[in-house]
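Here are my comments on the two-chain entry you sent, set out as numbered points. Please read them with the coordinates open beside the text.

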Amino acid sequence: MNSYSLNIKTKYLGIPAKYILALVCLSVVISSCEINDPVGEISDPGYIAANIYWDIPVTNITAGNNVDFYAEYWSTDETIEYLGIWYNIDKILNYTLTYPANGYTLILDSTELAREFLEIKTFAHSEENYDPEKKAYVIEDQFPVSYTLAALSYENPSVFNQEQFNQLIPADIQEQFLNNLFPQLGYQDFRNLLRVYRQVVEDEVFEGYFDTIMEGETEIRVMKAEAEEALKLHLRELPFGDLIYNRNRQYYSVDFSQNYQLNARFRIVNGNQVENLSETKVVSVL
Amino acid sequence: MKKVKILVILSILFYGLGFWSCESEIEPEYFTSSEVDFDYSAPTLHYVIGEPIQFNNLSVTGSSWQWNFGDGTTSNEENPVHSYDEPGTYTVSLTVDGVHEVRKKIMISDIVPVVQYTATDPAIVYNQTQVSFNVLLENPEDKPVAYKWKFPGGTVGEGIDENGNSELESPSVVFGSIGSQMVSLVITIDGKNLTPVNVNVQVNYNQPAKTLYYAVKGGNIMAKKLIYDIEPSLNNPFDLGYRSGKHPLTLRYSGNWLYVFDAGTRFAFVNEPEYLTAGDGEIFVVAHDGSRRESVIENFGGNTFLDFYYGYIDEQEGMIYWADRREGIFRTPTNTRNEKFSLTEYDYFVRNTWLGYYGEGISWGNINGTITKYNGVWWWAKHTTGSGIFKFTESDILGRDKVDGDPVPGAGSVLRNFGIRSFVIDEVNQKVYFADSRYKMVIQSDLDGSGLKVIDNSPFDGEGGDTEALFVTGMAIDGEYVYWAYRGPQPPAGSDPEEYYQANPLHRSGIKRIKLNEEEPVIEYFIQGVEAYGIAVDQTLR
């Protein structure tokens, strides 16, 4: 054994060298990756942020009211420069349109960021907030929600107002409903829509759009290929309400809702000018 | 030495594994450059049109700034202030030095006035409670605002004229009548009308009272307080806000729920095969204050003869009973919700052929009327052929078709000469009030069918024709009066309606009533001018 060899049986501080070597390897691997960097995700070495724990007991709130919250915070430097609630706002839209006769339903929903992450309310730090039992400062307070964020819904109206309907249901969604519905309509559907409930087309012309075929001993009326465009045009002549009217329940089968959701975080900055953000709490506005 | 080599090889594998696992997780991520950034803030939380929004450039470098506010306007200032004219969600972009761009969303709301009111009493009482209205209104540009309030007749308050109009910002009023009071407000800001706001204020009597519910033909379920010593014009109905249904022949009140039995569009005979799929009846419940409506069971697309014609709630048993058109009676627990009716799921509780009356009064296809239970005995009304009220107990139900030798129920039948659409029992005075569709009369009798007295023989609207005349389907008692929903005829063509009604004052549709147990009862209108089917009384003082 020469002087360059590593005696793996050598012990340092009583620990075998092989374990030290393995530990070094492990630490290099763990800390070397910038993407998967568990150490970096826990903290920025060299900076110590204040800690924050918070809770919102009731997460459904009526627009215009205040949201109650509870927060505990502490900082190793024992100075707090800033406390505040911030939130961004998601807008959630849901559209459901149904053709009741065969149950075809178009459901669309979307969530999009409507307003950026903004400061909503700040709070003064006070030594009086200190709770020795919890070994933390405690705030029980509220933050506001604008009444302009009130939820809007339009559900199964008994009277059809085309203007209101168009305001709430975009034209492209109406068009999508119609295009998807068309292949699912049969002779009797077309007859009801275009001849029975309304007289959009002359009977002779209407019947000319269909062929009669025999299935076993049963006569079946099927749409002629060349009639497709004409029938689509006739459908578009109908008030949209005709397509969604539920004759059993006597309402129009449209369900639209617009809601807002707040993604709230508690922001704290300590005396080292290090900021920390709490976990996100989601508040649904009614 | 060998161990060292193994260790070196293991270390290389370990490193390799580490790098591989790191590389494999690399995915493209797009970050807003921290070099170029902005934020924005408004004076209030509301971000309404006209509100000045402060945009702040937070970029650490740059000497020129191009803002695009997403509404067709731009700015080259570093920290511009901008207000929007229309509500919507806009994408704002900031380009620094013509190269670096960052985009953010901003939502601008319309100005929507919010009307609030506070009252000096926990429940608003007519002629007593001061109700103060207040409007939350964002007016960021401080433009001139005009208020136009409209209060219902009888409302008094400072600054309110005799027609209920007020131009005050925050009027304070006392409502002069009971029921749903619609208050409307139109606000004009600098000549532009905002969306009108309507507020429905529920105004109560100054003491608890019973409530009469009624299902308006082609309209909503309504309610009216049963107050005996009040000027009629002061006691207005409450609109519960729910449609009555197609033919809600029966209403029943139990617990805190109003039960509506809707027989659907087709209530009379329908040819085969159409009747097999023409069903569209439903039983639904409405909370006493109109706060909720829930479906109990429906028959959409089913046999129309199996729709829900008449009903009864047995509170002790916790069961809903209903009669179909002509065959029998079904039942389901009162907590049933959102069920679909089918004969495979629901068996008859009793049917025509399961009683000893079959062939002895009841025959095939006898059409049903009101069902009720009194002192543990069922009372089952029939009209058209095989008419009358047939009484039985559960022990009389054979559960199979009657055969020769099966006895007729001991409770017996009454009023066999009358086609009975509906009836109600006056327990205190031991009377029956019934609506007879054969002679089109409302009649009073003793419980045994004797002592007949015609109460009302006004002509009816003719719905159902001669064979299945609907006539009066809703009757109720509140302890003071018996009520019935009367739908009168249209005035003859060419006649002046007012002259006709003056000459025939009892031909107006409405909820009629007479005092119980009066020797010479006088018909009066509790509600005039309304066409209704089912009615029910909530005996609870609320």
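1. I begin with a strand pairing in chain B, where strand β8 (residues 114–119) and strand β9 (residues 131–136) run antiparallel and are joined by six bridges. Within this pair, Thr118(B) has Ser132(B) in β9(B) as its bridge partner. This is a predicted model, and every remark below should be read with that in mind.

2. On its pairing with strand β12 (residues 172–173) of chain B, β9(B) is again antiparallel, here with two bridges. The register can be checked at Val131(B), whose bridge partner in β12(B) is Val173(B).

3. For chain B as a whole, the assignment gives two helices and 40 strands, and 37% of its 542 residues are buried. Of the contacts in chain B between residues at least 6 apart in sequence, 54% link residues at least 24 apart.

4. One loop position in chain B deserves a separate look, namely Leu506(B), which lies between α2 (497–503) and β38 (510–515) of that chain. Is Leu506(B) exposed, partly exposed or buried? Leu506(B) counts as partly exposed because 16 other C-beta atoms lie within 10 Å, whereas a buried residue would need 20 or more and an exposed one 12 or fewer. Leaving aside residues up to four places away in sequence, Leu506(B) touches Asp456(B), Ser458(B) and Ile523(B). The C-alpha atom of Leu506(B) is also separated by 8.5 Å from that of Glu524(B), a residue 18 places away along the chain.

5. Turning to chain A, I find eight helices and 17 strands, with buried residues making up 19% of the 286 residues. Among its contacts between residues at least 6 apart in sequence, 68% join residues at least 24 apart.

6. Strand β6 (residues 80–99) of chain A has two antiparallel pairings that merit inspection: 17 bridges join β6(A) to strand β15 (residues 254–270) of chain A, and 16 bridges join β6(A) to strand β7 (residues 104–123) of chain A. Asp90(A) stands opposite Gln261(A) in β15(A), while Ile85(A) has Lys121(A) in β7(A) as its bridge partner. β6(A) and β7(A) form a hairpin with four residues between them, and Gly103(A) in the turn has a positive phi of about 80 degrees.

7. Chain A also contains an open sheet of four strands, in the order β3-β5-β9-β8 and with antiparallel pairing. Its edge strands are β3 (51–55) and β8 (130–131), each of which pairs on one side only. Between β3(A) and strand β5 (residues 66–74) of chain A there are five bridges in the antiparallel sense, and Asn51(A) has Trp74(A) in β5(A) as its bridge partner.

8. Finally, helix α7 (residues 228–237) of chain A has Leu231(A), His234(A) and Leu235(A) as buried residues. These three lie on the same side of α7(A), because they cover an arc of only 100 degrees around the axis. An α-helix has 3.6 residues a turn, so residues three or four places apart point the same way. The buried residues of α7(A) pack against α4 (171–181), α5 (187–196) and β12 (218–223) of chain A, whereas Glu229(A), Lys232(A), Leu233(A), Arg236(A) and Glu237(A), on the other side of α7(A), are exposed.

How values were computed
Residues numbered from 1 in each chain as written. Chains lettered and ligands numbered in written order. Predicted model: local features only at pLDDT ≥ 70, side-chain atom pairs only at ≥ 80, totals over all residues. Pairing = 2+ DSSP bridges. Contact = placed C-beta atoms within 7 Å. Arc of directions from axis to C-beta.
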